[in-house]
Amino acid sequence: MDPEGVFGGIHGDTLSLWWKAVRRAVRYWVVVEKCPPEEQACHPVADLYVNSTRWDMTSEEKFGACTFYHLKVSVFSAYLDC
(Lines give C-alpha, C1' and ligand atoms only; values in the text may rest on other atoms or scores of the structure.)
Protein backbone atom coordinates (compact mmCIF):
# COMPACT_ATOMS: atom_id res chain seq x y z
CA MET A 1 0.00 0.00 0.00
CA ASP A 2 1.02 3.59 -0.48
CA PRO A 3 1.23 5.18 2.99
CA GLU A 4 1.30 8.60 1.34
CA GLY A 5 -2.06 7.94 -0.39
CA VAL A 6 -5.39 9.49 0.44
CA PHE A 7 -8.09 7.38 2.05
CA GLY A 8 -11.06 9.66 1.42
CA GLY A 9 -13.28 11.08 4.09
CA ILE A 10 -16.74 11.38 5.59
CA HIS A 11 -19.30 13.64 3.98
CA GLY A 12 -22.54 13.70 5.95
CA ASP A 13 -23.32 10.04 6.61
CA THR A 14 -21.19 8.61 3.77
CA LEU A 15 -17.65 7.26 4.12
CA SER A 16 -15.70 7.29 0.85
CA LEU A 17 -12.37 5.47 0.52
CA TRP A 18 -9.98 5.28 -2.39
CA TRP A 19 -6.36 4.26 -2.61
CA LYS A 20 -3.59 3.62 -5.09
CA ALA A 21 -3.75 0.17 -6.70
CA VAL A 22 -1.16 -2.36 -5.59
CA ARG A 23 0.53 -4.37 -8.32
CA ARG A 24 -0.72 -7.97 -8.46
CA ALA A 25 -3.43 -7.32 -5.88
CA VAL A 26 -6.39 -9.66 -6.27
CA ARG A 27 -8.60 -7.92 -3.71
CA TYR A 28 -8.46 -5.71 -0.64
CA TRP A 29 -9.71 -6.27 2.90
CA VAL A 30 -11.33 -3.16 4.39
CA VAL A 31 -11.93 -2.83 8.14
CA VAL A 32 -13.45 0.33 9.67
CA GLU A 33 -13.94 0.79 13.41
CA LYS A 34 -15.97 3.62 14.95
CA CYS A 35 -14.46 5.13 18.11
CA PRO A 36 -17.04 7.49 19.71
CA PRO A 37 -15.43 9.97 22.14
CA GLU A 38 -17.94 9.15 24.88
CA GLU A 39 -17.07 5.43 24.82
CA GLN A 40 -13.92 3.59 25.89
CA ALA A 41 -13.86 1.05 23.05
CA CYS A 42 -14.05 1.07 19.28
CA HIS A 43 -16.72 -0.92 17.43
CA PRO A 44 -16.47 -2.45 13.93
CA VAL A 45 -18.82 -0.89 11.37
CA ALA A 46 -17.38 -2.56 8.25
CA ASP A 47 -15.31 -5.70 7.67
CA LEU A 48 -15.37 -6.86 4.06
CA TYR A 49 -13.43 -7.71 0.91
CA VAL A 50 -13.55 -5.46 -2.15
CA ASN A 51 -12.28 -6.01 -5.70
CA SER A 52 -11.52 -2.39 -6.51
CA THR A 53 -9.58 0.57 -5.14
CA ARG A 54 -12.71 2.54 -4.27
CA TRP A 55 -15.40 1.83 -1.66
CA ASP A 56 -18.32 3.90 -0.36
CA MET A 57 -20.83 3.23 2.41
CA THR A 58 -23.74 5.38 3.57
CA SER A 59 -25.25 4.90 7.02
CA GLU A 60 -26.72 7.41 9.47
CA GLU A 61 -26.04 4.96 12.33
CA LYS A 62 -22.41 4.21 11.45
CA PHE A 63 -20.92 7.49 10.23
CA GLY A 64 -21.07 11.09 11.31
CA ALA A 65 -19.17 14.13 12.52
CA CYS A 66 -17.17 14.43 15.76
CA THR A 67 -16.18 10.74 15.82
CA PHE A 68 -12.85 9.01 15.30
CA TYR A 69 -12.47 5.99 13.02
CA HIS A 70 -9.75 3.37 12.63
CA LEU A 71 -9.16 2.26 9.07
CA LYS A 72 -7.27 -0.81 7.89
CA VAL A 73 -6.84 -1.79 4.25
CA SER A 74 -4.93 -5.01 3.53
CA VAL A 75 -3.91 -6.48 0.19
CA PHE A 76 -4.50 -10.01 -1.02
CA SER A 77 -2.27 -11.11 -3.89
CA ALA A 78 -2.26 -14.14 -6.17
CA TYR A 79 1.51 -14.33 -5.73
CA LEU A 80 3.40 -15.20 -2.57
CA ASP A 81 6.89 -13.81 -2.02
CA CYS A 82 8.84 -16.62 -0.39
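Trainee: Which residues is Asp 47 in contact with, leaving aside its neighbours within four places in sequence?

Mentor: Trp 29, Val 30 and Val 31. Keep in mind that this is a predicted model. To be called a contact, heavy atoms have to lie within 4.5 Å.

Trainee: How do you know what kind of contact the side chains of Asp 47 and Trp 29 make?

Mentor: Look at the distance, which is 2.6 Å between the two side chains. The limit for a polar contact is 3.5 Å between N or O atoms, so this pair qualifies. The C-alpha atoms of the two residues are 7.4 Å apart, with their positions 18 residues apart in sequence.

Trainee: And is Asp 47 buried or exposed, and why?

Mentor: Asp 47 is exposed, because its relative accessibility is 52% and the word applies over 50%. This residue is found in strand S4.

Trainee: What does S4 pair with, and what makes that a pairing?

Mentor: S4, residues 43-50, is joined to S3 by seven bridges, and the two run antiparallel. Two strands pair if there are at least two bridges, so seven is enough. S3 also runs antiparallel to S6, with 10 bridges joining them. That passes the cut-off of at least two as well, so S3 pairs with S6 too.

Trainee: Which residues stand opposite each other in these pairings?

Mentor: On the S4 side, Tyr 28 stands opposite Val 50. On the S6 side, Glu 33 stands opposite His 70.

Trainee: Why is Tyr 28 called buried or exposed, whichever it is?

Mentor: Tyr 28 sits in strand S3, residues 25-35. Its relative accessibility is 5%, and buried means under 20%, so Tyr 28 is buried. A polar atom of its side chain lies 3.0 Å from the backbone nitrogen of Val 22. Set that against the 3.5 Å limit, and you can call it a polar contact. The C-alpha atoms of Tyr 28 and Tyr 49 are 5.6 Å apart, though the residues are 21 apart along the chain.

Trainee: What about Lys 34: how far away is the nearest side chain of opposite charge?

Mentor: Lys 34, in strand S3, is buried, and Glu 38 is that nearest side chain, 7.0 Å away. A salt bridge needs the atoms within 4 Å, so Lys 34 has none. A polar atom of the Lys 34 side chain does lie 3.2 Å from the backbone oxygen of Glu 61. Not counting residues up to four places away, Lys 34 touches several others, among them Ala 41, Cys 42, Val 45 and Phe 68.

Trainee: How many salt bridges does the structure hold, then?

Mentor: One. Arg 54 and Asp 56 form it, with their closest N and O atoms 3.4 Å apart. The cut-off is 4 Å, so this pair counts. In general, side chains of opposite charge can pair when their charged atoms come close.

Trainee: Why are Arg 54 and Asp 56 described the way they are for exposure?

Mentor: Arg 54 has 45% and Asp 56 has 38%. Partly exposed covers what lies between 20% and 50%, so both residues get that label.

Trainee: Which residue has a positive phi of about 70°?

Mentor: Arg 24, although it is not a glycine. Most residues other than glycine have a negative phi. Arg 24 is in the loop between strand S2 and S3, and is partly exposed at 44%.

Trainee: And what makes Ser 59 buried or exposed?

Mentor: Its relative accessibility is 14%. That is under 20%, so Ser 59 is buried, in the loop between strands S5 and S6. A polar atom of its side chain lies 3.3 Å from the backbone nitrogen of Glu 61.

Trainee: Zooming out, how many helices and strands are there in the protein?

Mentor: Zero helices and six strands. Buried residues make up 27% of the 82 residues. Of the contacts with a separation of 6 or more, 60% join residues 24 or more positions apart. The accessible surface is about 5900 Å², with 53% belonging to carbon and sulfur atoms.

Note on methods
Residues numbered from 1 in each chain as written. Predicted model: local features only at pLDDT ≥ 70, side-chain atom pairs only at ≥ 80, totals over all residues. Heavy atoms only, no water. Helix = DSSP H or I, 4+ residues; strand = E, 2+ residues; numbered from the N terminus. Buried < 20%, exposed > 50% of the residue type's maximum accessible area, 1.4 Å probe, protein only. Polar contact = N/O pair within 3.5 Å; in protein donor to acceptor, adjacent residues only side chain to side chain. Areas by Shrake-Rupley, 256 points an atom, 1.4 Å probe, with all protein chains shown as cover. Lys, Arg positive; Asp, Glu negative; His and termini not counted.
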